[in-house]
Amino acid sequence: MLNLYFLGRARIEYNGKSVVENFRNKTIALICLLIINQDKYLSRERILGYLWPDSSEEAAKNNLRYNLWLIKKNIGKSESNEEFLFIDKELCGVNAEYDFQCDILDIMNFKPQQSDSIERLLKLKNMFEGEFLEGCYYNNCEDFNEVIIFQRTRLENFKVQILKRLTELYEKESKMEECLNVLEEILDIDPYDEEVALKIIILYMKIGKRGAGVLFYNSFRDRLASRLGIQPSEKLRNKFAELKQSQGSECQPQEPKVIQIQTICIKDIQYFWMADVVGKLVGQKRVMCEKVLNENMINALGYIQPAVFNDVQTEKNMEIPDVQIVNAFIHLILNICEEHKLEIFITEMENMDSVSVGVLKYLKNSGISKLSIHEH
């Protein structure tokens with residue numbers, strides 16, 4: 001069996017063994033070029049134009065012959081005795097009768113049919129381990145480098161289609177938190193997609209997290225204004241007005257339970273106040289991170305506060321970007337304030353580290369009704 005992987009670092013496995021180490025960079029490029037054009041054969045002349053445009057005709061032909069030989073040497077026949085490539089004096093291509101698996105073909109064959117399952121979509125989603133031919137650039141091969149850029153854009157569009165279909169199935173099965181997480185992944189790819197933003201606000205309304213919906217809208221609106229110089233569409237603004245109205249009119253059947261924590265600041269130790277807040281919240285026992293955060297957020301908070309991992313079995317990453325830590329911390333506070341009134345008392349405020357200062361300012365400006373911060 002032949003397995004080809006072109007997303008992230010290229011991998012080629014034949015009968016369970018890696019053979020990519022036996023290939024040159026141009027060999028991998030040649031295989032990839034033929035895979036992309038699997039429905040048709042390419043002329044040798046066209047392949048030479050892609051991969052050896054600056055070589056003399058004789059040198060280019062010799063290079064092509066040598067790389068075709070390398071492929072044939074390392075990728076043997078299939079169980080049905082078929083050769084991987086069709087080669088003659090004029091044309092080269094992938095043998096349609098050869099049985100193999102390739103990540104980019106699996107993705108490009110995706111069609112959002114009603115028969116899709118969450119399991120299949122997650123399998124496709126997990127194939128995106130990196131960019132197409134990640135880190136590859138071929139000197140003086142401008143036409144082939146344009147192919148790489150085009151395929152990266154094309155595969156990114158497929159990823160968005162897969163994620164959108166996944167959100168449909170999650171919502172159908174009432175898995176709203178999973179649906180929200182996937183929608184946020186889509187915004188990571190296209191941060192200005194107003195249809196996705198609208199869907200996120202609607203979901204926040206459905207699950208009763210209106211405060212989180214308000215914060216999301218404000219963040220999305222600011223992103224459009226600062227980067228594109230535009231305001232949200234009328235449709236999105238109307239939905240936000242509906243959200244605000246429902247937030248103001250919703251009844252409270254009982255007074256929310258109060259969580260009080262005492263925190264302290266230590267100068268020049270980044271995240272210290274945030275870590276202290278997380279540690280005190282986890283110590284309350286009423287706050288269970290795995291109930292309100294996804295695994296990536298738990299990992300991010302665990303990076304600054306190991307106590308998060310006490311009751312959670314998950315991967316402990318060595319290094320987490322600041323933006324993920326801040327995002328996870330804010331989500332934790334927002335989720336707690338959905339059900340509880342949170343009072344945070346801060347001592348030695350003048351010694352608060354710079355990252356925590358920025359986060360505290362954000363929380364104060366967010367207008368979270370159930371959050372009270374006392375400095376002394």
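A residue is termed exposed when its relative accessible area is over 50% and buried when that area is under 20%. In this predicted model, Asn 15 has a relative accessible area of 52% and is therefore exposed. Asn 15 occupies the loop between strand 2 (11–14) and strand 3 (17–18). Its phi is near 55 degrees, a positive value in a residue other than glycine. A positive phi is also found at Tyr 271, which is not a glycine and has a value of about 70 degrees. Tyr 271 is placed in the loop between strand 8 (257–264) and helix 11 (272–283). With a relative accessibility of 12%, under the 20% limit, Tyr 271 counts as buried.

Strand pairing was examined next. Strands of a sheet pair through backbone hydrogen bonds, in either the parallel or the antiparallel sense. The antiparallel sense is seen for strand 4 (residues 42–43) and strand 6 (residues 91–94), which are joined by two bridges. Here Leu 42 faces Cys 92 of strand 6. Strand 6 also pairs with strand 5 (residues 85–87), again antiparallel, over three bridges. In this pairing Phe 86 has Gly 93 of strand 6 as its bridge partner. The connection from strand 5 to strand 6 is a hairpin of three residues.

Parallel pairing is found in an open sheet of three strands, arranged in the order 8-9-10. Strand 8 and strand 10 (371–375) form the edges; each has a single partner strand, so one side of each lacks a neighbour in the sheet. Direction ignored, neighbouring strands of this sheet are turned against each other by 15 degrees on average. Five bridges connect strand 9 (residues 340–347) with strand 10 in the parallel sense, and Phe 345 stands opposite His 374 of strand 10.

Helix 14 (residues 322–339) packs on this sheet and touches strand 8, strand 9 and strand 10. The direction of helix 14 makes about 130 degrees with that of strand 9. Helix 14 comprises 18 residues and spans 27 Å from its first C-alpha to its last, close to the 26 Å expected at 1.5 Å a residue. The buried residues of helix 14 include Ile 325, Ala 328, Phe 329, Ile 330, Leu 332 and Ile 333. His 331, Asn 335 and Glu 338 are also among the buried residues of this helix.

Helix 15 (residues 354–365) lies across strand 9 and strand 10 and runs at about 130 degrees to strand 10. Ser 356 belongs to helix 15 and is buried, with a relative accessibility of 0%. Residues up to four places away in sequence being set aside, Ser 356 touches Tyr 271, Phe 272, Trp 273 and Met 274. The contacts of Ser 356 thus include Tyr 271, the loop residue with positive phi described above.

A further buried position was examined in helix 6 (residues 142–172), which contains Phe 158. The relative accessible area of Phe 158 is 11%, and the residue is buried. Apart from neighbours within four places in sequence, Phe 158 is in contact with Ile 107, Met 108 and Phe 110. Between Phe 158 and Lys 111 the C-alpha to C-alpha distance is 9.3 Å, while the two residues are 47 residues apart in sequence.

Aromatic contacts were also evaluated. A pair of aromatic rings is described by the distance of the centres and the angle of the planes. With rings taken to pair when their centres lie within 6.5 Å, the count comes to eight aromatic pairs. For Tyr 217 and Phe 240, the ring centres are 3.8 Å apart and the planes lie at 10 degrees; because planes under 30 degrees apart count as stacked, this pair is stacked. The pair links distant parts of the chain, with Tyr 217 in helix 9 (residues 210–228) and Phe 240 in helix 10 (residues 234–249), 23 residues apart. Tyr 217 is buried, at a relative accessible area of 4%, and Phe 240 likewise counts as buried, at 15% relative accessibility. Elsewhere, ring pairs link Phe 84, Tyr 98 and Phe 100 into a cluster. A charged side chain also lies over an aromatic ring: Arg 11 is placed over the face of Tyr 5, at 4.0 Å from the ring centre.

Definitions and conventions:
Residues are numbered from 1 along each chain as its sequence is written. This is a predicted model: local features need pLDDT of at least 70, side-chain atom pairs count only at pLDDT 80 or more; totals for chains, interfaces and linings use all residues. Side-chain values use heavy atoms; hydrogens and water are left out. Two strands pair if DSSP finds at least two bridges between them. Helices (H or I, at least four residues) and strands (E, at least two) are DSSP runs, numbered from the N terminus. Buried means under 20% relative accessible area, exposed over 50%, partly exposed in between (1.4 Å probe, protein chains only). Axes are lines fitted to C-alpha atoms, for helices over the stretch in contact, and angles run from 0 to 180 degrees between N-to-C directions. Contact means heavy atoms within 4.5 Å. The expected span of a helix is 1.5 Å times one less than its number of residues. Rings of Phe, Tyr and Trp (its six-membered ring) pair if their centres lie within 6.5 Å; planes under 30 degrees apart count as stacked, over 60 as edge-to-face and the rest as tilted. A charge sits over a ring if NZ of Lys or CZ of Arg is within 6 Å of the ring centre and within 35 degrees of the ring normal.
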